[in-house]
Amino acid sequence: MKRNIALIPAAGTGERFGAGKPKQYVEIHGKTVLQHTLDIFAAHPQISLTAVVLAADDSVFAPEAAAFQTAAETVLLRCGGASRAETVRNGVNALLGLGLAAPGDNILVHDAARCCLPEAALSRLIDQAGSHPDGGILAVPVADTLKSGGSDGRIETTVPRSGLWQAQTPQLFSAALLQRALAAADLGAITDEASAVERLGIRPLLVPGDSRNLKLTLPQDEYIVRLLLAQK
Ligand code: C5P
């Protein structure tokens with residue numbers, strides 16, 4: 001039977017966030033951002049395993065290890081890469097290589113820094129894309145007016161927003177499809193898993209996400225994330 005396995009790339013340094021340590025280790029309400037994210041997957045009945053992919057030289061993680069090891073269904077893989085796509089590729093290869101995932105299992109790749117993912121959005125992705133051969137991603141329709149800017153700091157043109165979506169995570173694909181897509185793609189240009197799959201000529205599903213599923217990227221994001229986590 002097909003299982004749902006979460007893969008959390010957590011090997012980034014989070015330089016845009018500027019906390020002096022990787023943003024997944026910032027503490028909010030007594031827990032790291034990464035732990036908040038892991039708790040979402042640990043609590044979801046349709047997730048059978050969560051794999052966290054760390055940088056090989058991650059030294060911040062060690063004091064946290066006890067908390068992670070309490071969850072039997074969580075594994076640590078210390079094979080992070082130089083880019084997010086490389087981290088995911090290494091993680092998928094490790095899961096398959098170690099026999100922790102079968103080629104037909106679903107892998108749900110989710111940013112460590114998206115720690116407010118609502119349970120209902122995660123369920124929606126599994127329900128709508130979990131049995132679809134082309135997989136799918138959470139995404140929200142673009143709400144703001146979009147401008148294309150020039151290097152002189154002026155507006156070049158207004159981009160019609162109709163039909164445009166903002167990609168979120170999780171992004172769900174079978175392990176075999178994800179492995180094939182990431183092996184084929186030039187990883188330098190890949191900012192999410194769906195774009196690697198699209199390059200194979202496959203069109204994954206767009207599953208309605210949630211505006212609360214934001215990614216901690218800039219220092220000002222922390223204010224909203226704190227409020228959202230306080231409401232949980
Ligand atoms: O930096 P950004 O916000 O795009 O990172 C998204 C996710 O990818 C984060 O969870 C980050 O830890 C992860 N990442 C990674 N390996 C890298 C770069 C980013 O796992 N080399």
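This talk goes through a predicted model, starting at its ligand and then turning to two helices, a few loop residues and two backbone details.

Let me begin with the ligand. It is surrounded by 16 residues, and the closest of them are Pro9, Ala11, Lys23, Gly81 and Thr87. Three polar contacts with the backbone deserve mention. An oxygen atom of the ligand has a backbone N or O atom of Pro9 at 2.7 Å. For Ala11, a backbone N or O atom is 2.8 Å from an oxygen atom of the ligand. The third case is Ala112, where a polar backbone atom lies 3.0 Å from an oxygen atom of the ligand. Considered alone, the ligand exposes 470 Å², of which the protein buries 85%. The space that the ligand takes up is the largest pocket. Which elements give two or more residues to the shell around the ligand? They are strand 1, residues 4-10, and helix 3, residues 84-97.

I turn now to the helices. Helix 1 covers residues 33-42, and eight of its ten residues are buried, so this helix is largely enclosed by the rest of the structure. The buried residues are Val33, Leu34, Gln35, His36, Thr37, Leu38, Ile40 and Phe41.

Helix 4, residues 119-129, has its own buried set: Ala121, Leu122, Ser123, Leu125, Ile126 and Ala129. Against which elements do these buried residues pack? Their partners are strand 1, helix 1, strand 6 (106-109), strand 7 (136-141), strand 10 and strand 11. Strand 1 thus appears for a second time in this account, as a partner of helix 4 and as a contributor to the ligand shell.

Next, the loop between strand 11 and helix 7, in which I would like to discuss two residues. Asp210 belongs to this loop, which joins strand 11 (205-208) to helix 7 (221-230). Is Asp210 buried or exposed? Its relative accessibility is 12%, and because the limit for a buried residue is under 20%, Asp210 counts as buried. Setting aside residues up to four places away in sequence, Asp210 touches Pro118, Ala121, Val140 and Gln168. One of these, Ala121, is among the buried residues of helix 4.

The second residue of this loop is Leu216, which at 0% relative accessibility counts as buried. Beyond its neighbours within four places in sequence, Leu216 is in contact with Phe17, Lys23, Val33, Ala113, Asp221, Glu222 and Val225. Within that list, Lys23 is also one of the closest residues to the ligand, and Val33 is one of the buried residues of helix 1. The C-alpha atoms of Leu216 and Cys115 are 8.0 Å apart, although 101 residues separate the two along the chain.

A further loop, between helix 5 (175-184) and helix 6 (193-198), holds Ala189. This residue has 45% relative accessibility and counts as partly exposed. Its C-alpha atom is separated by 10.0 Å from that of Ser83, which is 106 residues away along the chain.

Finally, two details of backbone geometry. His29, in the loop between strand 2 (27-28) and strand 3 (31-32), has a positive phi of about 50 degrees, although it is not a glycine. At 45% relative accessibility, His29 counts as partly exposed. The other detail concerns the peptide bond from Thr169 to Pro170, which is cis, with omega near 5 degrees. Pro170 lies in strand 10, residues 165-174, and strand 10 is one of the elements that pack against helix 4.

Conventions: Residues numbered from 1 in each chain as written. Predicted model: local features only at pLDDT ≥ 70, side-chain atom pairs only at ≥ 80, totals over all residues. Heavy atoms only, no water. Helix = DSSP H or I, 4+ residues; strand = E, 2+ residues; numbered from the N terminus. Buried < 20%, exposed > 50% of the residue type's maximum accessible area, 1.4 Å probe, protein only. Contact = heavy atoms within 4.5 Å. Near = heavy atom within 4 Å. Polar contact = N/O pair within 3.5 Å; in protein donor to acceptor, adjacent residues only side chain to side chain. Areas by Shrake-Rupley, 256 points an atom, 1.4 Å probe, with all protein chains shown as cover. 1 Å grid on protein atoms, 1.4 Å probe; cavity = no way out; pocket = protein on both sides within 12 Å on 5 of 7 lines; lining within 4 Å. Sits in = over half its atoms within 2 Å of the grid points.
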